[in-house]
Each structure stands twice: as C-alpha cells, then as structure tokens.
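Visitor: I should like to learn how to read the packing of helices and strands in a protein model. May we go through one example together?

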Amino acid sequence: MSYFFDQHAIDAIQQGRFSFAYGISPWLALVLALALVVAVWALYRKTTRTLTPAWKTLLISVRSAVLLLLFFCLLRPVVTTEQVVPQESYLAVVVDDSQSMSIADVDGGQSRAQAVSERLYADGGLNEALADTFQVRTFRFDKQTQRVTDSSGLLAAGTASSIDQALRYVDQQLSGLALGGVLLFSDGADNEGVDPVESARSFGARQIPVFTVGVGQEHIPRDVGIVDVAAARTVLEGSVFNVDVALSNQGYAGSEVGLSVYDGDAVVATQRVVLGPDASTRRFTIELTPERQEAIVYRLAVEEQDDEIVLENNQYSFLVDNSVRPPLDILYVDGHPRNEYKFIRRAIENDPTLRLATYLQTGPGKFYRQGIKTPLELSSGFPERMDDLYQYEAIILGDIGKDFFTDGQLTMLQDFVAERGGGLLVAGMMDDLFVDTVLADILPVSLVPSSLLPQTLRGGITRGTHPTGELFTPQLTSAGEYSELLRLSGSDAENQRLWSELPQLQGVYVTGRAKPGATVLMEHPLLQYQSQRLPLIATQRYGSGRSMSITTASTWRWQMMMPAEDQAHERLWRQMLRWLAVSALERVTVDFDREFYHVGDRVNVTATVRDTNYLLDNNASVWVHMSGPDGSVIDNAMEWDIDEDGVYRSSFEVNSEGVFNLMVDVASAAGEADRSDTEKHAAFVVTPSLREFSSAGRDTGLLRRIAEGSGGRYYDLAQTGTLATDISYTPSAYSQEVQIDLWDTPLLLALLILLLCADWILRRLRGLS
Amino acid sequence: MTARWVQRMAPSLATGAWLLSALIPGNALAQNTALPLDFDAESFVQDMNGADTLGQTEFTWIRGRYTNYGGGRGRRGGRFGGGFGGRGGWWDTDYPDAESNFLRGVQRYTNIDANSKSYDFLDLTDPRLYEHSFLYMNMKRVPIGSLYSGPDFQPDEITALREFMFRGGFVLLDDFWGEVHLEEFQNEMAKLFPDRELVKLDTRHELFHTFFDINEVVQVPGRAVTWDYNGGFNLDDPDYPPAVYAILDDDGRVMLVANHNADLGDGWEHTFYEPYPTRYSNEAYKITINFLIYAFTH
C-alpha cells in the first residue's frame with residue numbers, strides 16, 4: 001500500500017465511485033456532524049482562562065476537525081474499483097526479437113534487447129511482479145511468433161518485424177484462456193506493412209488491454225543509412241543506367257562520405273557525396289555500366305563513420321537484369337524513299353532493344369525490305385495473317401496510300417492496336433481515302449478530307465509555295481515538355497536548352513484537330529485549324545494499345561542540321577518507338593510478389609498467359625523451371641488460378657542468397673512448339689535483409705496508438721515502475737469489482753495526529769489545561 | 001539553252017527512248033516488276049520548257065561546287081580561264097542536262113519525289129548543304145593527267161564534306177579515268193579521310209541490288225567515244241577497267257561512292273543523243289538509281 005492514495009483510488013474518486021460502507025442517511029450524517037460541532041462550541045463557552053473570540057474560534061475549529069475526521073473514518077469510506085483476481089487470469093508478454101532490437105542506443109550503451117531482458121528478468125524485475133498477479137506467458141516475435149520461457153530465447157536476429165502478426169498469434173494461442181491483458185515490448189519499427197492497430201482494437205473490443213513499452217530512441221543519434229535504392233530492374237537502352245540512392249543521416253550533417261558500388265569484390269563505381277542536415281534523407285545518383293549480359297547483383301556500400309551505432313544499414317544489395325532479351329519488333333512500311341525513312345532507320349539501327357523491319361515501296365510495284373529476320377519475312381508484302389502481323393509490337397505507316405491495304409488488313413490493324421495492345425504510328429502524309437476507315441478511329445487526330453480544309457491549310461509540304469510548307473519552330477506543349485517521349489535530358493533547364501538548339505522543321509501535313517482523349521506533345525507555332533494549333537505529335541490510348549501521329553516529315557533535319565555527334569534525333573526516335581512498342585501485350589508475363597527476398601522467404605510467382613490472339617488463356621500447361629545460386633533446380637507445374645483468367649501461380653521457399661533464374665514455359669492447347677514468345681525468362685535475388693536497420697528509430701506513435709486502441713497504456717522502458725500495479729487495476733474482461741477501504745490510509749492517520757498536536761499546542765499556548 | 005538543245009536533237013530522241021525502253025525493262029527488271037518506260041520527246045520538251053520547276057519536290061539533286069586545282073570555284077571558260085589546259089573548273093561538267101535527264105528517269109522509275117528540275121548546285125561550304133542528304137560531284141581533270149583542273153579540296157571543304165557524311169549524307173563521285181586520275185582521286189580521299197580505307201566494291205555488295213540487280217560494273221563511256229572528233233576511246237576499253245570505290249562509315253554503311261573509269265554524267269546527258277550507245281545510258285541510270293535508293297535506305 002502506498003503512503004498516499006493510489007492513482008487508481010484517485011481515479012475512482014474522480015469518477016464518483018466513492019461511498020461509505022456503513023451507508024447511513026446523508027441527512028443523519030450531516031446532523032451528527034453538526035451536532036459534533038455544536039457540542040464542541042458548547043463546551044468552549046466556558047474556559048478556565050479568558051479567550052479572545054478569535055482564539056476561541058480557532059480552538060473550536062481544530063477540535064471540531066479532529067472529531068469530524070474520526071467521524072469520517074468511523075463511517076468507513078471506500079472506493080469501488082476493478083482488479084484482477086490474482087493467478088486467475090493470464091498475461092501475454094510479447095517481446096520484439098527482430099534485428100532492430102540489437103541496436104545499442106539505450107542509455108549506458110545497452111542494446112534494446114539487453115535493456116528489455118534486464119527489465120524483465122533481472123532480480124526484482126517486472127516478470128516477478130507480474131507473476132504475483134498473473135499467469136504469465138511470454139512470446140518472442142519477428143515476422144513470426146514463438147513461445148519462450150526465459151531470456152535465452154531472445155536473440156534479436158529476426159529479419160522483419162510484424163506486430164500485427166504477433167498480436168494475432170497470441171490471440172490464437174491464448175484464445176479460450178482468461179487473457180487479462182497483453183504487454184508488448186518493442187521499438188515499434190514494424191516493416192511488414194500491416195497496421196497492427198486493427199488487431200489491437202479487436203483486443204480492446206473484448207476488454208483485453210494491450211500495454212506497450214517502447215524501447216530505443218526515436219532518432220538514432222549517430223547513423224548513416226541506406227534507406228532505399230532504385231535502379232532499373234532491367235537495363236533497356238545502351239549500357240549506362242542510373243542508380244538512385246537515398247541516404248538518411250543523423251549526427252553527421254554536412255559530412256562527406258564515400259559511396260561505392262561493388263560487383264562481387266570489384267568496385268565498379270565510386271562517388272563522394274555530402275550528407276544533408278540531421279534527420280534528413282538525401283538522394284544521390286550513381287551511373288553504372290553493366291559489364292556482362294546477365295542478371296547482376298550489385299552491392300552498394302556507404303563508408304562507415306566514427307562512432308556510428310548501426311553499421312548494418314551501410315550496405316545494400318540489388319539486382320539489375322542485364323541479360324540479353326529479344327528486341328521489340330516494329331514493322332515500318334513507307335510509300336516512297338525519303339529522308340525521314342532513312343533517318344528513322346539510322347536512329348534505331350544501333351539500338352539493341354528495337355528491331356525495325358521495313359518495307360519500302362521504292363518504285364511502282366517495287367519494294368525493298370530491310371531489317372528482316374528471315375528471307376520469308378514480308379516477302380508477300382504487308383502481313384495478311386493475324387499471326388504474321390501480331391509478331392510485331394508496333395507498326396509505323398509512312399507516306400502510304402489506302403490502296404496499299406485491303407479492307408481485311410485495315411481491320412486487322414485495328415485489332416492489332418485494340419486487342420493485341422500494339423502501337424500504331426502514322427508518320428507522314430495522310431491519304432484522304434483513310435478518312436472513312438478504321439485508321440480514322442485509331443489515330444489521336446481527326447482526319448478531315450483535304451477538300452474541306454481552309455485554303456491556307458491546303459498546299460502540301462513543299463517549301464516556298466504555301467504556309468504549310470514553310471520552316472517553323474515546333475512548340476512543345478507542357479505535356480510534351482515532361483513527356484518521356486520527348487525528353488532530351490533529365491534536368492528541366494538542360495532539356496529546354498537542348499530543345500532550343502534544335503533546327504527548325506519544315507512542312508506540316510494537315511489532318512484535323514486532336515481528339516478529346518488525345519495528348520498533344522508538340523504543335524505548330526502558327527498554323528491553326530478550328531482555333532486549335534495544328535498538332536505535330538499526338539498520342540492516345542486505343543483499346544489495349546497506343547496510337548500516335550507525327551504530321552511532319554522533317555524530323556530528319558534534327559539529324560542533318562545538327563553536329564554529327566549530337567544524339568537528339570536518335571534519342572527522340574528511340575524514345576518514341578520504344579514507348580509505342582513497349583506496352584504491347586506479351587504472350588507470357590512473369591511477376592513476383594516482392595522486389596527481393598531473404599533467406600527463408602516464400603517466393604510467389606505469377607504467370608499471365610495469352611493465346612495466339614492475345615486473349616487470356618485458361619487452357620495452357622505452364623511450367624516453371626528455377627535454378628538457384630547453390631545449383632538447386634526446381635521444376636513445377638504452375639496452377640491456374642480459378643479466380644483470374646489467364647493467371648497461373650506457383651510458390652517455393654528460397655534458402656540461399658544469390659540470383660535465382662527462372663524460366664516459365666507455356667504449351668497452349670493449340671500446341672505451338674518452338675515459339676520463343678511462349679518462354680519467358682526472369683530473375684530475382686535473395687539478399688541479406690537490411691530493412692530492420694533502415695528507419696529503425698522507436699515509433700512511439702504506433703505503440704501509443706496500439707495501447708490507446710485497446711484500452712491499455714503506453715510506457716517508456718525507463719518509466720515502467722508502476723506497470724505491474726497499473727495492469728492489475730486496469731479493467732479487463734477478467735478483473736472483478738472490489739471495494740477498497742480508505743479509513744486506514746496513512747494519510748488520514750497523519751492528518752489526525754497533526755490536528756491533535758495542533759489542538760494541544762494551541763491550548764497550551766493560551767494556558768488551558 | 002537546254003530546251004533548244006532538246007529541240008535540235010528531237011529526231012534522235014524518239015529513237016533513243018525506244019532503245020532505252022527496249023533495253024531496261026527486259027533484263028534489268030527480270031526479277032522485279034516490269035516498269036513502263038515511256039519517255040517521249042514531246043513531253044520531255046514540255047517539261048524542259050517549264051512545266052517542272054525547282055522546289056516542287058521533296059528531293060533535290062545537289063551537285064557540289066569545289067575549289068579547282070587552278071584555284072577558285074569558277075566554271076570552265078569563266079574568268080579564271082577555260083578550256084583544255086586552262087585554269088578552269090570542271091565541277092559543272094554535264095550540268096544541268098545530265099541532272100535533268102537523270103531526274104526524269106528517277107521520276108519515272110522510282111517513287112522518289114523528283115522531277116526534271118529538282119536539281120541545284122551548292123558550294124561544299126554552304127550551310128544549306130545539310131538540308132540535303134545526297135551530293136554528286138564530278139571529278140573530271142582534263143586532260144587526263146592534268147594538274148590544272150579537277151578538285152583540290154580545301155580545309156573548310158574537307159571539314160564540311162566529312163561532317164556532311166558523318167551526319168548521314170551520301171556522296172557520289174564520278175568521271176575520272178586511268179591510273180593518274182585514280183592516284184589523284186586517292187590523294188583527295190586521303191585528304192578527306194586520312195584514317196579510312198578506300199574499298200573496292202564488288203557486285204555482291206548491297207549497293208548493286210537496292211533497286212536493280214546489277215551483276216557487272218560497266219564502263220560507261222564519256223562522249224568522246226562517239227563524239228564527232230573521236231577522243232581516242234574505245235567502248236569497253238580494257239585499259240580502263242571500271243571499278244566502284246567506297247568509303248564506309250563506322251557501321252559499315254557506304255557514305256561515299258566513286259565510279260572509276262566511268263562517266264555516268266555523260267551517260268545521263270546523252271540519253272537522247274543517237275550516236276551514244278543506249279546500253280551505256282541505261283547502265284548509268286541503273287547504277288545511279290541504285291545509289292540513290294541505297295542513300296535513302298542506309
């Protein structure tokens with residue numbers, strides 16, 4: 001019993017749960033109290049010594065107070081409160097045992113895990129106090145939860161923390177028992193992405209309060225850590241790619257540190273960077289050149305600093321898949337030899353990610369094929385069979401008339417975009433005869449017959465004879481300025497400068513207005529049709545695919561009129577054509593449920609399969625073949641997910657670090673052997689986990705919300721002195737109502753002694769007996 | 001002047017056209033679709049008189065005007081001298097009749113947007129050169145072995161030519177004969193590209209198959225073979241074996257091609273000149289159309 005009223009007694013009094021055990025009528029109590037005061041007053045009417053009225057009043061008051069206090073105690077005052085019945089209910093003690101608990105940021109240089117262990121299991125520790133009242137069941141958790149009996153089960157080695165999972169596990173294990181509460185020790189650094197407050201509320205709804213104890217510091221005082229690394233998972237163009245690194249820092253503001261990227265043991269890139277202010281995260285970019293064509297695991301390391309507390313987050317491994325993959329196939333048909341054709345071909349020629357198969361009409365009835373894979377490709381002209389057309393991801397139509405196509409081919413072109421998800425670019429003249437065809441539907445610009453155009457917009461692209469043939473400086477729209485298709489540099493200022501250096505274009509084909517759903521990226525600076533500037537480059541979605549129109553045939557000037565070493569023309573065309581082709585549906589796509597995995601994780605692989613018409617295929621046999629870094633091989637049949645069309649799943653556990661290569665092979669019901677598009681290669685990496693060390697500061701907010709959501713309370717580890725008592729008095733499903741006497745409180749006895757002493761001293765001072 | 005020449009030659013034109021039409025489609029296009037060849041003197045004269053104008057078409061044939069050995073860029077017979085042995089330039093040999101005839105052929109046979117007037121000439125150092133991607137130059141030195149005519153590329157011309165080709169331009173050189181001219185040509189090429197090899201192409205190269213399938217490089221003779229005053233040349237003279245030289249870019253594409261022991265310009269110019277053997281005109285057209293198509297596709 002404490003010397004003064006306990007907090008729970010004060011709470012009870014404040015909440016009006018105070019009463020007298022001998023419940024006499026309040027009126028009678030009042031009368032008796034008054035009678036006491038009157039009796040004292042009567043006895044003081046005559047005194048042995050004469051007293052001034054003031055002294056007399058003082059003496060009457062003190063004596064009355066003594067008697068009233070005794071009278072109060074005789075009435076036996078009590079508060080009614082709730083308390084668990086000793087040993088009749090259970091308490092779950094749940095201890096965070098993940099790697100972040102090994103961080104030594106507790107006063108005295110202790111690790112978080114050591115501090116918790118000491119508080120719980122040292123002599124006179126919390127465990128003993130709790131065991132007086134509860135049947136204690138202790139659990140450790142990281143991404144999984146297990147029962148432990150003492151501190152020897154706590155290793156601080158888990159590679160992830162999931163408080164939610166721990167609460168659910170405890171709930172399951174102790175359901176059916178009289179669970180009176182949960183006591184959670186953690187740094188709150190939860191990294192499983194599931195908010196545990198919901199589970200806490202579920203406990204609260206069943207009157208099981210969750211008490212949380214926070215350990216560690218909210219900001220680790222001295223740490224430089226890699227928070228995030230973003231690199232292209234697959235390297236698309238050229239050999240150089242950027243790695244974006246986010247570095248957090250506490251205690252080393254403004255310091256210069258070295259960042260290095262390793263491929264195995266070899267350093268492949270280094271950079272000195274200056275850290276931001278304390279508690280900030282700054283992003284840096286490192287350029288990398290992959291040196292071999294396969295999946296490469298890079299290790300990024302930031303230099304260790306003096307007195308740094310957490311060293312584990314100074315390294316980060318990531319996978320970049322630089323393995324050879326087939327280029328995107330683009331079919332380009334053009335009606336006559338011209339500069340635009342020549343320079344589009346040249347722009348793409350050295351890009352290994354794109355293959356341009358071209359079919360050029362060089363003369364009446366004469367065609368010239370380039371970039372073909374086999375002697376048969378395009379040998380009979382524009383494809384007439386869906387299979388032949390669908391082998392391409394995008395199609396470019398140059399200056400070509402409608403009579404080049406049959407109606408069937410045009411319809412197939414529509415399906416190619418809408419269903420196969422291919423891209424269609426019309427770059428050049430638009431034959432009036434296309435106005436009533438599907439092409440008018442697919443394109444982002446409306447097609448207006450030239451006879452309906454105003455006179456100023458008729459006249460063709462010949463220079464010097466008509467406004468539509470003149471030189472002009474193309475204007476990027478705001479969408480165009482920031483579009484991935486037309487960027488010449490990542491920096492806005494540099495991008496604008498490079499664009500301003502490009503030569504003028506010449507000649508514009510007038511087609512009509514941009515459609516409402518289209519995105520205009522570039523427009524003519526002067527010429528307008530129906531109060532809208534003539535679109536020069538416009539794009540739009542069409543079904544599953546994309547369409548695009550370029551209404552000038554002079555982009556080659558960006559090549560011939562710029563220094564030979566300038567790459568703007570090449571870059572723009574590669575970007576535009578890659579954009580056009582890259583979103584085309586694939587026969588087989590492979591996805592993983594996570595970016596990377598750690599040893600012991602379960603890898604869930606999903607394959608989405610389409611048939612030859614690019615419709616989702618539920619009748620395929622899908623096999624996954626996986627080879628691990630340790631030489632292990634797994635061959636599994638993937639199972640169709642009945643809830644999702646065309647989706648097949650498989651999963652397996654990974655038990656070693658390194659790169660896992662995977663091949664998904666599809667044999668459809670139609671049976672197509674030897675088709676490369678029915679095989680899909682993919683890779684993932686299993687790395688040492690660092691997430692426990694990034695953002696590993698104590699998350700007090702989360703722990704507080706868990707406690708408050710369930711009717712419990714939050715404590716700092718250093719302030720857990722009253723924890724055991726507090727838990728026993730907190731209302732729960734298994735606490736019962738008890739009445740606590742207040743008359744025997746030492747405070748009241750002390751007050752009584754004080755009043756009696758005062759009475760005696762005052763009487764002696766006035767010479768009374 | 002050109003039109004007057006055509007009128008003078010009108011009687012021969014019909015015969016020439018007939019010969020041309022008889023020869024080209026038969027063999028050359030055997031593997032391709034037969035083409036109508038309907039040159040006729042009437043429409044030709046009409047074109048020459050002004051139906052076609054420069055600037056109406058997407059393609060313009062550009063002839064390069066270079067610095068002569070004699071100095072300056074003047075035309076032969078101009079103020080810098082003239083005639084054989086003089087200090088005149090020969091860059092404009094056969095100009096513009098050769099262009100006009102040939103472009104008419106381009107217009108008829110191919111889908112290249114051209115007409116009989118879509119030609120022009122530019123100094124090599126003229127920045128407008130880069131508004132085009134095809135350049136023709138006549139390398140004539142007269143007489144053979146002369147050091148007083150023919151191109152003497154100056155540093156600024158060399159810079160411009162190199163840049164033109166590196167950006168993607170295609171250069172066709174024509175009309176130089178014999179060992180002495182070949183050496184001079186090699187010297188000029190060494191000035192242009194000291195670090196690039198001059199390769200001799202055989203007919204397996206793509207250049208010979210872009211439009212017509214050409215399986216033999218023919219010695220297209222100069223007019224001297226048939227000219228009234230007999231220049232001393234014989235047809236298919238074994239002392240002058242025809243060859244096609246090329247300079248390749250870093251990706252193996254031909255960026256400059258040169259016809260040694262051939263005079264394509266005369267082949268085009270004398271299309272309708274009766275004494276000039278039509279077969280050689282045809283060969284001149286065929287190989288040049290192939291060059292043009294190659295230039296537009298590589």
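**Reading helices, a sheet and an interface**

Guide: Let us begin with a pair of helices in this predicted model. Helix α3 (residues 53–74) of chain A packs with helix α18 (residues 746–765) of chain A at an angle of about 155°, and their axes lie 9 Å apart.

Visitor: How does that angle make α3(A) run relative to α18(A), roughly parallel or roughly antiparallel?

Guide: Angles over 145 degrees count as roughly antiparallel. Therefore α3(A) is roughly antiparallel to α18(A). The crossing of α3(A) and α18(A) is left-handed.

Visitor: Which residues make the contact?

Guide: Among them are L58(A), V62(A) and L69(A) of α3(A), and L751(A), L755(A) and D759(A) of α18(A). By class, this contact of α3(A) with α18(A) has 14 nonpolar residues, three charged and no polar ones.

Visitor: How should I read a sheet?

Guide: Strands of a sheet pair through backbone hydrogen bonds, in either a parallel or an antiparallel manner. In chain A, three strands form an open sheet in the order β1-β2-β35, with antiparallel pairing. The edge strands, β1 (18–20) and β35 (735–741) of chain A, each pair on one side only. From one strand to the next, the twist averages 40°.

Visitor: How many bridges join β2 of chain A to β35(A)?

Guide: Seven bridges join strand β2 (residues 77–84) to β35(A). Within this pair, Q83(A) stands opposite Q736(A) of β35(A). Helix α1 (residues 7–14) of chain A packs on the sheet and touches β1, β2 and β35 of chain A.

Visitor: How many residues of chain B are in contact with chain A?

Guide: In chain B, 25 residues are in contact with 28 residues of chain A. The elements giving two or more residues to that side of chain B are α5 (155–167) and α8 (278–297) of chain B.

Technical notes. Residues are numbered from 1 along each chain as its sequence is written. Chains are lettered from A and ligands numbered from 1 in the order in which they are written. This is a predicted model: local features need pLDDT of at least 70, side-chain atom pairs count only at pLDDT 80 or more; totals for chains, interfaces and linings use all residues. Two residues are in contact if their C-beta atoms, placed from the backbone, lie within 7 Å. Helices (H or I, at least four residues) and strands (E, at least two) are DSSP runs, numbered from the N terminus. Two strands pair if DSSP finds at least two bridges between them. Axes are lines fitted to C-alpha atoms, for helices over the stretch in contact, and angles run from 0 to 180 degrees between N-to-C directions. Angles under 35 degrees count as roughly parallel, over 145 as roughly antiparallel, 65 to 115 as roughly perpendicular and the rest as oblique. A crossing is left-handed if the near helix is turned anticlockwise from the far one by less than a right angle, and right-handed if clockwise. Ala, Val, Leu, Ile, Met, Phe, Trp, Tyr, Cys and Pro count as nonpolar, Asp, Glu, Lys and Arg as charged, and the others, Gly among them, as polar.
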